[in-house]
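Notebook open, structure loaded. I want to look up a few spots one by one and jot down what I find.

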Amino acid sequence: MLSRAWMEVDLAALVRNAAALRDRAGVPLIPMVKADAYGLGAIQVAHALEQLDPHGFGVATVAEGAELRAAGIVRPIILFSPLLPEEMGAANVARLTPTLGSAEEIAAWKAYGGPYHLSIDTGMSRAGVPWREMGALAGVIADHPPEGAFTHFHSAQLDDGSMELQESRFREALATLALGPALLHTDNSAAIVRHGRSPWNAIRPGIFLYGVGSSESAALQPECVVHVRARIVEMRWVEAGDTVSYDATWTAAGRRLIATVPAGYADGYPRGASNAGRVLVRGYPAPIAGRVTMDMIMLDVTDSGAEVGDVVTLVGDGSASKAPVDVASVAAIAGLSPYELLTGLRGRLTRVYRGQ
């Protein structure tokens, strides 16, 4: 049996989430596996998603792409962060497809002769050519046409008209091209759920794959993929007035049973959940008592029937109605985005893959 703390990744649920998005959009996937697949393990995730015949995979750095190539991934790997000139050689060696947004970048990449996707900024103001400045790239694009083109929505989860405005700007930018790229893509997870069938020919899902939806009322909800577990290693009774953990922020109102689990913020469990979060012990929602520490968390398990050695669920199993501990719920309690929580679950947690 596993000891200390670990993260279970349900690859079967991950694949079902991806298939649901693909079927809803009706076009091929470009799954985002950057940041080590949001902390779940890019190699294992990419291999699991191969069965869905994706167009390719999305990463953020040359090193991430090279890692996938070394692991046997042969599909296109698209690099969604801007490249420095000194990185182009390594990107070419790893057969990566960069996303370029300036005349200088496109001209420099032409020397390598590889494909690229044109990055068009329609309101994110982060990377790419601003949609209103497309004319300045006409010559270099005609000299080295892109294989694909895309934009990135900044607020696709909001029904505020911004997604539609950005999409209109994207169409305006594409209209300036003499020859349209073969592959066009705009939709991230939230946009796929809102759009339904995609108006383009590929989609770029990220967070939904890993079990986080855009809202409770969204038309499509993901299955839980990530489960963080730990085992109770020690238990003690405290009396009224006794305090628990650093800064003595928790004081027992009466005689309480405190359990210690060997996981903490060094494992990615958020310190912001101190005195506010709950975990599942034998299905019982046990409150966190005191500060989350670097290596340990203390729980009030007085009414749970818990024993030393019991497995505790810190994150996952989102169906528990009394105290949901899915990624989004834990992140909300801690004042984080689900992206921060997921990508922080790395460090010392052993990954255990299920459903392969």
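**Pro 262.** I started with what Pro 262 touches. Leaving aside neighbours within four places in sequence, I found Pro 262 in contact with Arg 4, Ala 5, Arg 231, Val 233, Asp 267, Asp 295 and Met 296. This is a predicted model, so I'm reading all of it as such. Pro 262 sits in the loop between β13 (256-261) and β14 (278-281). Buried or exposed? At 13% relative accessibility, Pro 262 counts as buried, because the cut-off is under 20%. I also checked the distance to Arg 4: the two are 258 residues apart in sequence, yet 5.5 Å apart in space, C-alpha to C-alpha.

**Whole protein.** Next I stepped back for the overall numbers. I get 11 helices and 18 strands. The C-alpha trace spans about 75 × 40 × 35 Å along its principal axes. Of the 356 residues, 53% count as buried. I noted about 15000 Å² of exposed surface, with carbon and sulfur atoms supplying 51% of it. For contacts with a separation of 6 or more, residues 24 or more positions apart account for 65%.

**Cores.** Which residues touch the most other members of the largest nonpolar core? I have Ile 120, Tyr 210, Tyr 269, Leu 299 and Leu 314, in a core of 104 residues. Helix α1 (residues 11-25) gives the largest share of this core, 8 residues. There is also a second, separate core of 7 residues, and Val 244, Trp 250, Ala 252 and Ile 258 are among them. I then picked Leu 299 for a closer look. Not counting residues up to four places away in sequence, Leu 299 touches Leu 257, Ile 258, Ala 259, Val 261, Val 279, Val 281, Ala 286, Pro 287, Ile 288, Ala 289 and Val 312. So Ile 258, listed in the second core, is also on the contact list of Leu 299.

**Helix α8.** I checked the length first. Helix α8 covers residues 162-174, and at 1.5 Å a residue its 13 residues should span 18 Å. The end C-alpha atoms are 18 Å apart, which agrees. Which residues of α8 are buried? My list reads Ser 162, Met 163, Gln 166, Glu 167, Phe 170, Ala 173 and Leu 174. Seen down the axis of α8, these buried residues fall within an arc of 135°, so they line one face of the helix. Looking for what covers them, I noted β5 (117-121), β7 (148-150), β8 (183-185) and α9 (189-195), among others.

**Leu 49.** Leu 49 is in helix α3 (residues 42-49). Its relative accessible area is 0%, so I put Leu 49 down as buried. Leaving aside neighbours within four places in sequence, Leu 49 is in contact with Leu 14, Val 15, Ala 18, Pro 31, Pro 54, Phe 57 and Leu 209. For Val 15 I also took the C-alpha separation from Leu 49, which is 6.0 Å, with their positions 34 residues apart along the chain.

**Arg 75.** Last stop, in the loop between α4 (62-70) and β3 (77-79), where I found Arg 75. At 18% relative accessibility, Arg 75 counts as buried, because that is under 20%. A polar atom of the Arg 75 side chain lies 2.8 Å from the backbone oxygen of Pro 54. Not counting residues up to four places away in sequence, Arg 75 touches Glu 50, Asp 53, Pro 54, His 55, Gly 56, Phe 57 and Arg 69. I see Pro 54 and Phe 57 on this list and on the one for Leu 49.

Notes
Residues numbered from 1 in each chain as written. Predicted model: local features only at pLDDT ≥ 70, side-chain atom pairs only at ≥ 80, totals over all residues. Heavy atoms only, no water. Core = buried A, V, L, I, M, F, W, Y, C linked by side-chain atoms within 4.5 Å. Buried < 20%, exposed > 50% of the residue type's maximum accessible area, 1.4 Å probe, protein only. Helix = DSSP H or I, 4+ residues; strand = E, 2+ residues; numbered from the N terminus. Contact = heavy atoms within 4.5 Å. Expected span 1.5 Å × (residues − 1). Arc of directions from axis to C-beta. Areas by Shrake-Rupley, 256 points an atom, 1.4 Å probe, with all protein chains shown as cover. Polar contact = N/O pair within 3.5 Å; in protein donor to acceptor, adjacent residues only side chain to side chain.
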